[in-house]
Amino acid sequence: EVDMMLFRNFCTSLVLAVAGLLPFAGAQAQTGAPVIRSFTADQVPELAPGTELVFRVSGSPGGSVQLDIDGVASPLGLSETGSGTYAGAYTISIRDKIRPDSRVLATLRVGSGQVSTTLGQSLLTEAAQARAMAALAPQPQLTRIETRNSGAFSGGNELRFTAQGTAGGSAQVTFDGGKTVIPLSEASPGRYSGSYTIKTRDRVDAATQAQFSLTVGGRTVQAIKPLASGAVAAVAPVEPTPVACAACGVVVSVNKVKVKGKPNYVGAIAGGVAGAALGNQIGKGDGRTLATVLGGVGGAFAGREVEKQVRSDTRYDVAVRFEDGSSRTLSYASDPGLAVGAKVRLEGDQLRVRE
């Protein structure tokens, strides 16, 4: 009996001890470091004023999220739309200086703890990002070009080409106006080389000009020297060829077109009745019957034509010439407000004015 009493006292003490530890364990769980599980943004075709950027963060619930965007003066706060789900949008202002490579930092605070992460994707769509980064890329450089030959400029002899410049690009040489292109491989960083065996139909000599081209990140630099053996240094770059925007173009015409409407049977019936009545007033006997029938048919036809004119609509045909050389005409039921010469971008089946 004494042992049973001692056992009961022990159990009671154990229960009280565990109960006392529960609040402490809960507090420990609540003060654990918050986590961010994902951070995403809806990609956009351009970072122009008026463009809306939408961000989403998934992480620990019950906190607050702040975004710091390079090029934007004030931070952006995200609202908790669901347990641990935060979302918000920001419209680009004319004062902002957001670039394609701008960093976006998200900070999640829960209680006294916080965690930060950087957006791991671009704000722009893949195609727009490629164009933007190409425009931001530094101008490549050709610092030295060299040609060597085995002696004569006749069929079977070999020409050798070497170029030095910016690493990580693609290089080539042509000496006949672009008909023959000799690719140069990057044997070592920034050093490109290749060779060509002269054909009997080639008309080359020491004075023939060889044009070297080096392209890095969508930007191109070129240089020219004679095929005579030797090297040329301090090559002057040329302006890169801009990348065409397939969806960008210029309005070349806006035509207002009147379109006949689709008639229903009301006009035909009304016209037929009127025609039959008129036909009935002329002729005698069987002639009167024939006149009534012909009048009804003619009246129905006339009634439909009149109704077409009454129900006619107006459409607007907008012709656009795109930067890639193609053209397209889009039709609108109402005036789209586009003038000839306006710079536009095609988004789906809609034309948007661009800067």
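Start with the whole protein shown as a surface: its accessible area comes to about 21200 Å², and carbon and sulfur atoms hold 55% of that. Keep in mind as you go that this is a predicted model.

Now switch to a cartoon view. You should find four helices and 20 strands. If you colour by burial, 33% of the 355 residues count as buried. For a contact map, take the contacts with a separation of 6 or more: 60% of them join residues 24 or more positions apart.

**Stop 1: the seven-stranded sheet**

Select residues 36–41, which are strand 1, and residues 113–118, which are strand 7. Both belong to an open sheet of seven strands, ordered 1-2-5-4-3-6-7 and paired in the antiparallel sense. Strands 1 and 7 stand at its edges; each has a single partner strand, so one side of each is left without a neighbour in the sheet. Look along the sheet as well: ignoring direction, neighbouring strands are turned by 25° against each other on average.

**Stop 2: strands 2 and 5**

Next, select residues 52–59, strand 2. Strand 2 runs antiparallel to strand 5, and seven bridges link the pair. To find one of the paired positions, pick valine 54, whose bridge partner in strand 5 is alanine 89.

**Stop 3: across to strand 4**

Strand 5 covers residues 85–91 and also pairs with strand 4, again in the antiparallel sense, over three bridges. Click serine 79, and then alanine 87, its bridge partner in strand 5. The two strands form a hairpin with two residues between them, where glycine 84 has a positive phi near 80°.

**Stop 4: on to strand 3**

Select residues 64–69 for strand 3 and residues 76–82 for strand 4. Here too the pairing is antiparallel, over three bridges. Glutamine 66 stands opposite glycine 77 of strand 4. What should you look for in the turn of this hairpin? There are six residues between strand 3 and strand 4, and glycine 71 in the turn takes a positive phi of about 100°.

While the backbone is on display, a reminder: strands of a sheet pair through backbone hydrogen bonds, either parallel or antiparallel.

**Stop 5: helix 2**

Leave the sheet and select residues 126–136, helix 2. Show the side chains of Ala128, Gln129, Ala132 and Ala134: are they buried or exposed? These four are buried. To see part of what covers the buried residues of helix 2, add residues 219–226, strand 14, to your selection.

Technical notes. Residues are numbered from 1 along each chain as its sequence is written. This is a predicted model: local features need pLDDT of at least 70, side-chain atom pairs count only at pLDDT 80 or more; totals for chains, interfaces and linings use all residues. Side-chain values use heavy atoms; hydrogens and water are left out. Two strands pair if DSSP finds at least two bridges between them. Buried means under 20% relative accessible area, exposed over 50%, partly exposed in between (1.4 Å probe, protein chains only). Contact means heavy atoms within 4.5 Å. Accessible areas come from the Shrake-Rupley method with a 1.4 Å probe; for residues, only the protein chains shown count as cover. Axes are lines fitted to C-alpha atoms, for helices over the stretch in contact, and angles run from 0 to 180 degrees between N-to-C directions.
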